[in-house]
Amino acid sequence: MAKEIKTIGVLTSGGDAPGMNAAIRAIVRKAIGNGVNVKGIKKGYQGLLNEEIVDMEKKDVSDIIQRGGTILGTARCLEFKEENVQERAAEICREHGIDGIIVIGGDGSYRGAQALARHGINTIGIPGTIDLDIACTEYTIGFDTAINTAMQAIDKVRDTSSSHERCNIIEVMGRNAGYIALWCGVANGAEDILLPEKYDFNEQNIINNIITNRKRGKTHHIIVNAEGIGHSTSMARRIEAATGIETRATILGYMQRGGSPTCKDRFYASIMGSYAADILCEGKSNRVIGYRNGEFLDFDIEEALNMRKEIPEYQFRVSKVLSQ
Ligand code: ADP
Ligand code: F6P
């Protein structure tokens, strides 16, 4: 029989993402609506171990849906990988009367949730990362805001790139994943799009492309480079030396992870937060929420972590053709 859930906790873990607050708000309001108490756990698993735990009422999540970041704070807590630390965390949950926890974060955070579930605390994960690199879902909280922020920034760089007839390399976030680069590369009409999953490190191809485009009369050349490839500044120097065309690098960095969430991020985060609260209150555990083919679903954490995600081949081929 499913364990009776009287009190749940919510935490955000790993890199923050715009829309996390909308998810927190939805969890608090939906769970309280279901007759369940909610506690906020600050600063991810580190805050759980430090017992930074506060009661949350509906009013505590007023006026946050439009705010970037996470009101709970987030952290990386490497010691949470240790068995005895996980056991202590489960004990802390029991001491605070927490029957289950919703974890908003990425794959790493899901592993922590899985560990808590193994130690008797019900857990549900919600995909929160600007990188879109969670295999079981077509949507992750924060991606939409991040790509729109980056797209607007790249448009601005493109204006000055054209005025000065320069080549510009713009580095977007994504340590291991090229989804931000792919989407912005296409949406900004970039001439070259470099994805960690696909890049062959053949700079000569880029150089040839720049020279050909210049001969065809193009006044700018935008290269969207993913953080996972990096080295944008040295790449710019080499390209300038090889082409004779002034080349600049811009690293967009953390601006992509902040800011007010888009409507899509607020809406999807609200639905995912509500869904997670509902299934946790019903007594489900060891599940993660996903969005696929127009539907919100939940998966077993282990099954979700074993899924693989790749850059869709057709989208990649199209990005190549349209950039010419
Ligand atoms: P994300 O959740 O965005 O993938 P991280 O990989 O940095 O970000 O993970 C966030 C946190 O999740 C880590 O700092 C750690 O506290 C916890 N975590 C990561 N991997 C594990 C693991 N294998 N076992 C337990 N906890 C983990
Ligand atoms: O949130 C995802 C992400 O932005 C990655 O693209 C990036 O590599 C990473 O976080 C960097 O985060 P931090 O510098 O906070 O460790």
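## The seven-strand sheet

Two strands are paired if DSSP finds at least two bridges between them. Keep that in mind for strand S10 (residues 287-292) and S11, which run antiparallel and are joined by six bridges. Take Ile 289 as an example: its bridge partner in S11 is Asp 298. All of this comes from a predicted model, by the way.

S10 and S11 sit at one end of an open sheet of seven strands, ordered S3-S2-S1-S4-S5-S10-S11, and the pairing in this sheet is mixed. Which strands form its edges? Strand S3 (53-56) and strand S11 (295-300) do, each pairing on one side only. On average, neighbouring strands here are turned by 30° against each other, with direction ignored. As a general reminder, strands of a sheet pair through backbone hydrogen bonds, and they can do so either parallel or antiparallel.

## The four-strand sheet

There's also an open sheet of four strands, in the order S7-S8-S6-S9, and here the pairing is parallel. Its edges are strand S7 (192-194) and strand S9 (247-251), which again pair on one side only. Neighbouring strands of this sheet are turned by 15° against each other on average, direction ignored.

In the middle of that order you'll find S8 next to S6. Strand S6 (residues 167-172) and strand S8 (residues 221-226) pair in the parallel sense, with six bridges between them. One residue pair to look up is Cys 167 with His 221, its bridge partner in S8.

## Ligand 1

How many residues surround ligand 1? There are 14, and the closest are Arg 76, Cys 77, Gly 106, Gly 108 and Ser 109. By class, this shell splits into three nonpolar, seven polar and four charged residues. Helix H4 (residues 107-118) supplies the largest share, at five residues.

If you're after polar contacts, start with Ser 109: an N or O atom in its side chain is 2.5 Å from an oxygen atom of ligand 1. The backbone joins in too, with a polar backbone atom of Cys 77 at 2.7 Å from a ligand 1 oxygen and a backbone N or O atom of Gly 106 at 2.9 Å from one. On its own, ligand 1 has 550 Å² of accessible area, and the protein covers 79% of that.

## Ligand 2

Around ligand 2 you'll find Arg 76, Ile 130, Asp 131, Met 173, Gly 174, Arg 175, Glu 227, Tyr 254 and Arg 257. Sorted by class, that's three nonpolar, one polar and five charged residues. Arg 76 turns up in this list and among the closest residues to ligand 1 as well.

Some of those charged residues reach the ligand with their side chains. Arg 257 has a side-chain N or O atom 2.9 Å from an oxygen atom of ligand 2. Arg 76 puts a side-chain N or O atom at 3.0 Å from a ligand 2 oxygen, and for Glu 227 a polar side-chain atom also lies 3.0 Å from a ligand 2 oxygen. Of the 390 Å² of accessible area that ligand 2 has on its own, the protein covers 83%.

Why does ligand 2 lie between the two domains? Domain 1 (7-142 + 261-306) and domain 2 (143-257) both give residues to its shell, so ligand 2 lies between them.

Note on methods: Residues numbered from 1 in each chain as written. Chains lettered and ligands numbered in written order. Predicted model: local features only at pLDDT ≥ 70, side-chain atom pairs only at ≥ 80, totals over all residues. Heavy atoms only, no water. Near = heavy atom within 4 Å. Polar contact = N/O pair within 3.5 Å; in protein donor to acceptor, adjacent residues only side chain to side chain. Areas by Shrake-Rupley, 256 points an atom, 1.4 Å probe, with all protein chains shown as cover. Nonpolar A, V, L, I, M, F, W, Y, C, P; charged D, E, K, R; others polar. Domains from an automatic or database assignment. Helix = DSSP H or I, 4+ residues; strand = E, 2+ residues; numbered from the N terminus. Axes fitted to C-alpha atoms, helices over the stretch in contact; angles between N-to-C directions.
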